[in-house]
Amino acid sequence: MRKPLLLALLLPLVACSANTTGTATTTSGGTAAPGKDSAAVGFIFVGPKDDYGYNQAAYQGSQEVAKAFPNLEVITAENVPEDDNAARVMNSMIAKGARIIFATSYGHLDAALKVAAEHPDVAVVQQGNLITTAVPANAGTFFGTVYEPVYLAGIAAGKATKSGKLGYVYAFPITQTIDNINAFELGAQSVNPAVKTYAVSTSSWCDPAKQAEAAANLLKQGVDVITQHQDCTATVIKATEAAGKFTVGYHADASAIAPKGWLTGSQWNWGPLYTDIVKTTLGGGFTGSKYNANFRVGYKTGENPFVQSPYGPMVDEATKSEIDKARELLKTGSPFAGPIKDQEGKIRIPEGTVPDYTTIEKIDYFVDGVVGTLPKA
Amino acid sequence: MSDLVVDVLTGAVRGGTAIMFAALGETLAERAGVVNLGTEGSMLVGALAGYAIAAETGSPWAGLAAGAVAGGLLALVHAVMVVWRRSDQFATGLTVMFLGLGLTSLFGAAYVGRAAPGFDPVAVPLLSDVPLLGEILFQHDPVTYLSFLAAPLLWWWLRSTRGGLLLRTAGERADVLHVHGYRPGLIRGAAVVAGGALAGIGGAQLATAYAHAWFEGMTAGRGFIAVSLVIFAAWRPLWVMAGSYLFGAALALAPALQARGISLNQFALDALPFLITLAILAILGRRTLRAAPEELRRVFT
């Protein structure tokens with residue numbers, strides 16, 4: 001989900017050269033089940049496969065697919081921009097025999113739908129976004145309920161803070177991020193009602209210098225637990241650790257660089273879900289399956305690909321048992337179970353309502369207790 | 001309120017330092033008559049070399065030296081091309097920038113997420129206790145303190161030493177040097193390389209003192225900002241220093257406001273540094289060009 005400007009300028013060139021064979025693609029009749037008996041599967045990533053974050057986790061998932069299906073060729077492409085070039089890269093994968101495509105970044109959706117429309121015999125699944133129109137027979141989106149482990153981590157933060165101020169460094173106000181910030185605050189509130197979460201945006205998925213400035217300012221304001229939604233995470237964690245404050249991780253277990261202040265965090269485990277999607281599709285059962293929709297998994301189904309990171313040494317047993325209790329509740333409930341108030345104090349989700357995943361993915365306001373303003377679109 | 005001002009000014013020094021090193025380097029090159037758009041690339045290779053060597057040797061000072069060497073070496077490519085091969089300065093500079101981006105993306109992957117020792121803030125005894133100014137200026141990392149000396153030193157060197165005179169002459173009237181038996185090409189080349197080394201130090205400061213991390217493309221355009229700064233500072237080192245802090249302040253304003261929960265349009269705040277740059281360039285207009293070194297004006301027009 002990271003798109004450095006310069007790479008964005010450079011990559012169209014790479015993508016074009018990779019596409020020379022893509023134009024010759026033929027589509028077989030619409031009768032074949034999409035992706036059935038495909039010889040190859042393609043994965044596109046928006047960033048490098050070794051970013052210690054979102055893209056690395058997705059790449060690892062693709063390698064687990066390779067392990068699970070030794071006869072299947074796994075084609076991967078890194079640094080694929082979130083525009084029409086993504087369609088070209090996917091087309092070149094199709095030309096190489098891939099009839100199952102994973103488009104793993106939020107902004108890859110438009111290109112994925114375009115490719116799906118052009119190739120009815122190819123199953124295209126997109127990670128993290130939401131198809132808002134009718135879902136085509138050969139497409140779907142999937143994601144974990146990332147905000148659930150973030151809610152649990154919020155409990156650890158709410159218990160650990162002494163100042164009652166938590167910090168959240170984020171990139172852009174997309175719904176995924178808004179849900180995470182809200183869930184973090186709600187988790188913290190559940191054990192510490194007066195706690196506030198200060199949200200600071202860097203307007204970039206990875207600009208370490210801006211992250212350093214954000215962390216410095218949050219720490220100066222007395223924030224003593226910092227978490228983030230950034231693609232590269234080391235800068236904020238190191239600044240927090242150097243100040244002797246607490247870290248809640250995101251994307252990966254980074255306790256190695258915060259041995260004292262690490263509380264817990266959330267991290268990805270895509271392997272099982274990717275493998276199951278490929279299995280279903282190879283068998284010809286994609287259309288009409290749960291993956292031929294906006295598929296969301298969470299603690300309700302017990303197969304969330306986003307899992308809680310290990311605890312650090314500062315988390316006491318009482319906190320751990322609070323989190324265990326909350327995890328049980330999430331199996332039937334939601335971090336967003338009503339009543340949920342927005343920053344103006346208006347009730348947005350009434351008492352007694354447990355919103356479904358789609359409703360949660362459309363939340364466009366910060367909840368009461370978050371300090372910060374969402375830019376108006 | 002005064003507390004907000006202190007935070008923004010402290011952030012201005014924190015964020016402006018890397019830009020200042022790069023802009024002082026660009027000043028050297030341009031005063032000698034060469035525009036180096038590859039400064040962004042020199043910052044990047046400096047950032048990677050600084051971080052990587054700090055990680056390998058355990059010494060951030062060794063990293064800083066490596067950053068200077070790497071930035072200088074990349075600038076040498078630019079120097080050879082434009083001074084001796086007489087290639088177009090703008091096209092070459094951009095290509096050198098992309099070379100730096102490509103090289104660091106290739107060799108940098110191993111250092112993403114890797115731990116390395118860095119420069120930590122050291123409060124200067126006594127001075128750091130001075131109200132307001134102490135916090136703004138004297139609670140930073142050692143490289144920032146070096147930067148306080150760099151601009152005045154460069155100003156003095158350009159103005160009062162024989163070396164400075166030769167460099168300025170290379171930028172104003174290269175023919176005069178010929179007459180006196182000097183080789184203006186050599187002087188220009190040396191100025192470009194030294195400028196690249198300063199940009200490399202800026203990059204190393206960014207990676208080992210400010211962000212404490214290496215990541216692909218982490219300079220995020222700061223090298224280009226440095227180039228535009230030199231123009232609006234009219235090629236004067238002390239104005240470059242002031243301009244770097246102005247830019248640093250514009251970058252520091254958004255997080256300082258947000259951490260207080262003050263709501264302003266985020267996108268407007270992000271555009272602020274660039275709007276300030278444009279505004280100053282617009283106000284100065286052609287006046288900036290009149291201050292340009294004679295030989296440089298030929299490059300521009």
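**Entry 1: A:Gln343**

I looked up whether A:Gln343 is buried or exposed in this predicted model. With 17 other C-beta atoms within 10 Å, A:Gln343 counts as partly exposed, because a residue needs 20 or more to be buried and 12 or fewer to be exposed. I located A:Gln343 in the loop between strand E13 (340–341) and strand E14 (347–349) of chain A. Setting aside neighbours within four places in sequence, I listed the contacts of A:Gln343 as A:Tyr365, A:Phe366, A:Asp368 and A:Val370. I also noted that A:Gln343 and A:Gln56 are 287 residues apart along the chain, and that 35 Å separates their C-alpha atoms.

**Entry 2: A:Val370**

I turned next to A:Val370, a contact of A:Gln343. A:Val370 belongs to strand E15 (residues 370–371) of chain A. I recorded A:Val370 as buried, because 24 other C-beta atoms lie within 10 Å and the class begins at 20. Residues up to four places away in sequence left out, A:Val370 touches A:Ile181, A:Asn182, A:Glu185, A:Thr197, A:Ala199 and A:Gln343. For A:Val370 and A:Thr132, which stand 238 residues apart along the chain, I found a C-alpha separation of 28 Å.

**Entry 3: a sheet of chain A**

I then followed an open sheet of 6 strands in chain A, whose order is E2-E1-E3-E4-E5-E11 and whose pairing is parallel. Its edge strands are strand E2 (73–77) and strand E11 (294–297) of chain A, each of which pairs on one side only. On average, and with direction ignored, neighbouring strands of this sheet are turned by 20 degrees against each other.

I examined one pairing in detail: strand E1 (residues 40–44) of chain A joins E2(A) in the parallel sense over 5 bridges. Which residue of E2(A) is the bridge partner of A:Ile44? I found that this partner is A:Ala77.

I also looked for helices packed on the sheet. Helix H3 (residues 84–95) of chain A touches E1, E2 and strand E3 (98–103) of chain A, and its direction makes about 150 degrees with that of E3(A). Helix H4 (residues 109–118) of chain A lies across E3, strand E4 (123–127) and strand E5 (139–144) of chain A. I noted that H4 runs at about 170 degrees to E4(A).

**Entry 4: two helices of chain B**

In chain B, I checked how helix H2 (residues 39–57) packs with helix H10 (residues 222–232): the angle is about 135 degrees and the axes are 7 Å apart. H2(B) is therefore oblique to H10(B), since only an angle over 145 degrees would count as roughly antiparallel. I recorded the crossing of H2(B) and H10(B) as right-handed. H2(B) contributes B:Thr39, B:Glu40 and B:Met43 to the contact, while H10(B) contributes B:Arg222, B:Gly223, B:Phe224, B:Ala226 and B:Val227. By kind, I sorted the residues of this contact into 4 nonpolar, 2 polar and 2 charged.

**Entry 5: where the chains meet**

How many residues does the contact take from each chain? I found 35 residues from chain A and 34 residues from chain B. On the side of chain B that touches chain A, the elements giving two or more residues are helix H1 (2–31), helix H9 (184–210), helix H11 (237–258) and helix H12 (266–284) of chain B. H11(B) supplies the largest share of that side, 5 residues. I noted the make-up of the side of chain B that touches chain A as 17 nonpolar, 11 polar and 6 charged residues.

Methods. Residues are numbered from 1 along each chain as its sequence is written. Chains are lettered from A and ligands numbered from 1 in the order in which they are written. This is a predicted model: local features need pLDDT of at least 70, side-chain atom pairs count only at pLDDT 80 or more; totals for chains, interfaces and linings use all residues. Two residues are in contact if their C-beta atoms, placed from the backbone, lie within 7 Å. Helices (H or I, at least four residues) and strands (E, at least two) are DSSP runs, numbered from the N terminus. Ala, Val, Leu, Ile, Met, Phe, Trp, Tyr, Cys and Pro count as nonpolar, Asp, Glu, Lys and Arg as charged, and the others, Gly among them, as polar. Axes are lines fitted to C-alpha atoms, for helices over the stretch in contact, and angles run from 0 to 180 degrees between N-to-C directions. Angles under 35 degrees count as roughly parallel, over 145 as roughly antiparallel, 65 to 115 as roughly perpendicular and the rest as oblique. A crossing is left-handed if the near helix is turned anticlockwise from the far one by less than a right angle, and right-handed if clockwise. Two strands pair if DSSP finds at least two bridges between them.
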